[in-house]
Amino acid sequence: MTKVLIAFYSRSGVTEALATAIADGARAAGAEVRLRRAREVVSAEVINSVPGWAEQAAALNAKYEAPTEADAEWADAIVFGSPTRFGSVSSELKAYIDSLGGLWFQGKLNGKAGSVFGSSSTPHGGNESTLISLYTPLAHLGLIIVPLGYADPSLFKAGTPYGASSVSFNQATPPTADDLEVARFQGKRVTTVAKALRPA
Ligand SMILES: Cc1cc2nc3c(=O)[nH]c(=O)nc-3n(C[C@H](O)[C@H](O)[C@H](O)COP(=O)(O)O)c2cc1C
């Protein structure tokens, strides 16, 4: 069975919804999936200064384990997801990526499939720049980057060639049916590519 790790950060559930749709697509393609949520890295003082953050984090952490080094080693494919933070990746997801230095040093991630997804508040608020910024650590880790291109009709309605995405309008709008269709396609595509890469 092809093993897919979906490691994401989500504060208010938008990126989480994309993650679960990617998991559905991967499972439909025959994958075993681990869904993991990266944990907060800022102080309790900062978290408590933002209404609802602590409660949202506690609810999501009850649903998902934190991603570990062992999860990344286990996986044939690693799919990273993040909400946009000033046009780039969240520090919470980046902290998980940075924890993979030991595996990187041993070359243990070389040749696995890698893919990315994310969400932003506004249509031009940095969705694509966030996904492209995630391509950089994927390359350093030695992952074989799996973009979506326009390889499925869903990409002509939503998403990006770099990965699934959604625009939440300040977290008020969950991913649309079209966004979720792209996400399911991403799960299938990354599973298919990881399966093909495994013998190599
Ligand atoms: C500190 C911070 C920075 C953000 N920066 C951006 C940004 O540059 N562009 C944007 O469109 N949204 C930005 N957002 C909004 C989130 O990326 C957006 O609401 C996202 O859909 C939330 O996803 P989540 O529910 O998975 O946490 C920012 C949010 C925070 C808290």
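Modeller: Quick term first: two strands pair if DSSP finds at least two bridges between them. And keep in mind that this is a predicted model.

Biologist: Okay, so how do β1 and β2 pair, and over how many bridges?

Modeller: Strand β1, residues 3-8, runs parallel to strand β2, residues 32-37, with six bridges joining the pair.

Biologist: Which residue in β2 is the bridge partner of Lys 3?

Modeller: That's Glu 32.

Biologist: And what do β1, α1 and β2 make together?

Modeller: A β-α-β unit, and a right-handed one.

Biologist: Switching to the ligand: how many residues surround it, and which are the closest?

Modeller: There are 21 around the ligand, with Ser 10, Val 14, Thr 15, Pro 83 and Gly 125 the closest. Two elements, α1 (14-28) and β4 (113-120), each give two or more residues to that shell.

Biologist: Which element has the largest share?

Modeller: α1, with three residues.

Biologist: How does the shell divide into nonpolar, polar and charged?

Modeller: 15 polar, three nonpolar and three charged.

Biologist: Back to α1, then. How do the axes of α1 and α8 cross?

Modeller: At roughly 45°, with the axes of α1 and α8 (residues 177-197) coming within 7 Å. The two helices are therefore oblique to each other.

Biologist: Is that crossing left-handed or right-handed?

Modeller: The α1 and α8 crossing is right-handed.

How values were computed. Residues are numbered from 1 along each chain as its sequence is written. This is a predicted model: local features need pLDDT of at least 70, side-chain atom pairs count only at pLDDT 80 or more; totals for chains, interfaces and linings use all residues. A residue is near a molecule or strand if its C-beta atom, placed from the backbone, lies within 6 Å of it. Helices (H or I, at least four residues) and strands (E, at least two) are DSSP runs, numbered from the N terminus. Ala, Val, Leu, Ile, Met, Phe, Trp, Tyr, Cys and Pro count as nonpolar, Asp, Glu, Lys and Arg as charged, and the others, Gly among them, as polar. A crossover is right-handed if, with the strands pointing away from the viewer, the path from the first strand over the helix to the second runs clockwise. Axes are lines fitted to C-alpha atoms, for helices over the stretch in contact, and angles run from 0 to 180 degrees between N-to-C directions. Angles under 35 degrees count as roughly parallel, over 145 as roughly antiparallel, 65 to 115 as roughly perpendicular and the rest as oblique. A crossing is left-handed if the near helix is turned anticlockwise from the far one by less than a right angle, and right-handed if clockwise.
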